[in-house]
Amino acid sequence: MSVKLILRRLAFLVMVIWAASTITFFIPRMSERNALRERFADLARTGGFAPADLEKIIASYSKQFGLDKPLLQQYFDYMWSVLHLDFGYSLGKYPLTVMQLIEQSLPWTIGLLLVTTVLSFIIGNLMGAIAAWQRAPRWMRAIATPFILLQGVPPVLMGVLLLFFVGFRLKWLPLGGAYSLGTIPSWSWDFIWDSALHQILPALALIFGSAGGWVLSMRGMGVTIQGEDYVNFAEHKGLGGVRIFRDYYLRNALLPQVTGFALALGTVVTSAIVVEGIFGLPGVGSVLSAAIRANDFPVIYGIVLLITIAVATLMVAAEFIYPLLDPRIRSD
Amino acid sequence: MELPEVRQPSRPALILRYFRRNKSLGIGVAVIAALVAFTLIGFLLVDPQAAYPLSAPTRKPPSWQHPFGTDFFGRELLAAMVVGMWQTAVIGLLAGGLGTFIGVVLGFISAYFGGWIDAIIKGACQILTPVPVLLIQVVVAGSLDKRDVTILTMAFIVVMLAWMGPTLVIRSQVLTMKERQFVSVAKLSGVGDMGIIFGEILPNLLPFIAAAFVGQVFAAVFASFYLAVLGLGPLREPLLGNIIWAAQSQGAFFNGWWWWPIEPAVAMILILASLALVNMGLDELANPRVRRTE
């Protein structure tokens with residue numbers, strides 16, 4: 001991979017981040033809605049202070065947040081703080097900054113995402129490969145083929161179904177939350193066991209909700225690859241079925257899936273966020289849905305922007321991994 | 001010598017035969033037809049007003065009187081399913097149609113005229129593609145006044161960042177098609193730009209446009225569903241995602257009101273699965289290389 005290509009991809013990454021942050025800057029400012037006014041009108045209704053002070057408070061907060069400066073100035077200030085990953089203060093939990101809120105919740109989300117994404121990629125691709133592999137034993141294909149149907153059930157709906165059948169009907173697993181009500185977070189084994197039990201259903205929802213896509217694309221890939229000459233050649237050499245499957249068929253069919261993986265990252269992350277919201281797990285998703293309920297705009301925009309930057313960066317990073325997997329690209 | 005008469009099967013018979021060969025298209029179309037029938041018959045039998053809060057006794061499980069049960073806010077869930085299904089269809093068709101239309105227009109302009117126009121359109125598509133669409137839609141939907149969020153605004157929010165896919169697909173198809181011989185022949189015969197676009201290229205692109213349209217409807221239904229599940233939908237409307245959001249906010253499973261979230265979930269699965277099946281089937285139709293023989 002040439003230096004020129006790397007530089008071009010990095011420039012592309014900068015463009016993506018610039019576009020995303022420009023959109024998140026201008027859209028809220030185009031709307032009629034005044035976040036501060038709504039927030040304090042809400043507080044005034046519930047807490048009770050004189051509306052005369054309200055205007056003063058809003059004015060001083062606007063100054064504090066720099067909302068009284070000209071738009072262009074605001075735009076450059078904003079871009080400058082985005083560069084530092086500084087998204088300002090939360091309106092709802094004021095002394096906390098948006099970044100602090102994200103930092104508290106991010107480990108949960110990353111943990112859930114890592115485990116589920118890896119597992120669904122492995123399960124989905126394996127099932128897809130078996131479903132397409134005509135030399136596979138009949139019982140294996142009988143197990144693998146129904147996985148295609150998962151395509152129609154996205155993670156959130158899978159979550160609702162699992163909650164109903166496993167949590168509600170069978171009562172095997174808890175119905176939501178990060179740990180049982182009444183327990184106090186600690187490093188005891190009981191608590192760790194309890195919170196692990198609460199993670200199982202959301203994890204299963206994400207694994208099986210996103211496996212369908214991999215099954216489908218891998219099956220399509222597998223159908224073309226198994227007719228290739230090198231696969232037939234391997235068979236005529238007298239290699240065993242497992243060997244052909246693993247080294248000649250699976251490896252080659254997996255390559256385009258890695259590209260697909262990079263493209264699917266955005267959907268994977270957003271699914272995880274919505275699933276977290278549905279299950280009430282502590283994580284970026286719950287912070288986001290709480291912020292939506294409370295009209296806590298800086299938190300909404302901060303989360304959106306941070307995730308966009310993360311996804312775009314990971315996508316470009318995945319492209320750099322590609323030559324390591326495919327020797328044909330390395331030489332170019 | 002008399003030739004035996006060749007009987008051409010009737011058109012419906014041919015279509016049915018094709019459905020038998022292309023199973024995913026057949027099943028998908030059948031499920032969609034069933035859903036449409038459910039909605040249409042539902043509108044005749046139930047009062048759409050019952051889909052809104054305070055129109056029925058609250059929290060009743062499914063029974064003869066309330067076939068789908070009622071929810072915490074006093075919606076008749078059967079009516080809510082009928083209206084919600086209809087609203088989902090409106091959002092899907094409107095946003096899908098608009099997205100496809102913009103995609104076709106931009107794709108054509110980009111591929112046919114080339115040069116700097118092409119560079120701008122292609123560049124914009126490529127830069128916007130890695131941005132997780134749903135998150136930007138969250139920003140847009142969150143910036144709107146809650147009272148301004150209606151079924152129509154939902155559709156426009158969804159379409160705002162959903163035209164890049166069809167644009168790139170149509171662009172690449174037009175690029176290959178404009179090098180074909182029949183286009184050169186038309187050009188040499190003095191057919192103008194518009195004549196070539198509408199008379200020569202567009203008809204040949206119809207299968208791709210149809211596939212892109214179904215894909216866009218799927219994406220639009222999916223996106224509006226996610227937005228509604230996050231609580232960004234028009235909260236008063238019985239949109240399927242809204243019902244799930246409301247059920248989860250009220251702890252429906254904890255309280256034993258299982259029918260409340262499960263019904264919209266099953267409806268949504270049927271919609272998404274049938275659209276995915278039709279999409280797969282159209283792929284086969286548009287791409288004869290994978291077409292199966294009888």
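**Exercise 1. Decide whether Met81(B) is buried or exposed in this predicted model.**

Solution. Start by locating the residue: Met81(B) sits in helix H3 of chain B, which covers residues 77–113. Next, count its surroundings: 25 other C-beta atoms lie within 10 Å of Met81(B). The cut-off for a buried residue is 20 or more such atoms. Met81(B) is therefore buried, given its 25 other C-beta atoms within 10 Å.

**Exercise 2. Find which residues Met81(B) touches, leaving out those up to four places away in sequence.**

Solution. With those sequence neighbours set aside, the partners of Met81(B) are Phe68(B), Glu263(B) and Ala267(B). Then try a distance: between the C-alpha atoms of Met81(B) and Ile243(B) there are 9.4 Å, while 162 residues separate the two along the chain. For chain B as a whole, take the contacts between residues at least 6 apart in sequence; 70% of them join residues at least 24 apart.

**Exercise 3. Describe how H3(B) packs against helix H6 of chain B.**

Solution. Two numbers come first, because packed helices are described by the angle between their axes and the distance between those axes. For H3(B) and H6(B), residues 151–160, the angle is about 35° and the axes are 9 Å apart. Now add the hand: this crossing is right-handed. Then list who takes part. H3(B) supplies Gln87(B), Val90(B), Ile91(B), Leu94(B), Ala95(B), Leu98(B) and Gly99(B), and H6(B) supplies Ile151(B), Met154(B), Ala155(B), Val158(B) and Val159(B). Finally, sort them by class: the contact of H3(B) with H6(B) has 10 nonpolar and 2 polar residues, with no charged ones.

**Exercise 4. Work out how many residues each chain gives to the contact between chains A and B, and which elements of chain B take part.**

Solution. Chain A gives 42 residues and chain B gives 34 residues. On the chain B side, the elements that give two or more residues are helices H4 (115–128), H5 (133–143), H9 (193–229), H10 (240–249) and H11 (259–286). Sorting the residues on this side of chain B yields 29 nonpolar, 4 polar and 1 charged.

**Exercise 5. Sum up the overall build of chain B: how many helices and strands does it have, and what share of its residues is buried?**

Solution. Count the elements: chain B has 11 helices and 0 strands. Next, look at the extent: the C-alpha atoms of chain B fill a box of roughly 70 × 65 × 30 Å along the principal axes. To finish, check burial: 45% of the 294 residues of chain B count as buried, and Met81(B) from the opening exercise is a buried residue too.

Conventions: Residues are numbered from 1 along each chain as its sequence is written. Chains are lettered from A and ligands numbered from 1 in the order in which they are written. This is a predicted model: local features need pLDDT of at least 70, side-chain atom pairs count only at pLDDT 80 or more; totals for chains, interfaces and linings use all residues. Two residues are in contact if their C-beta atoms, placed from the backbone, lie within 7 Å. Helices (H or I, at least four residues) and strands (E, at least two) are DSSP runs, numbered from the N terminus. Ala, Val, Leu, Ile, Met, Phe, Trp, Tyr, Cys and Pro count as nonpolar, Asp, Glu, Lys and Arg as charged, and the others, Gly among them, as polar. A residue is buried if 20 or more other C-beta atoms lie within 10 Å of its own, exposed if 12 or fewer, and partly exposed in between; C-beta atoms are placed from the backbone. Axes are lines fitted to C-alpha atoms, for helices over the stretch in contact, and angles run from 0 to 180 degrees between N-to-C directions. A crossing is left-handed if the near helix is turned anticlockwise from the far one by less than a right angle, and right-handed if clockwise.
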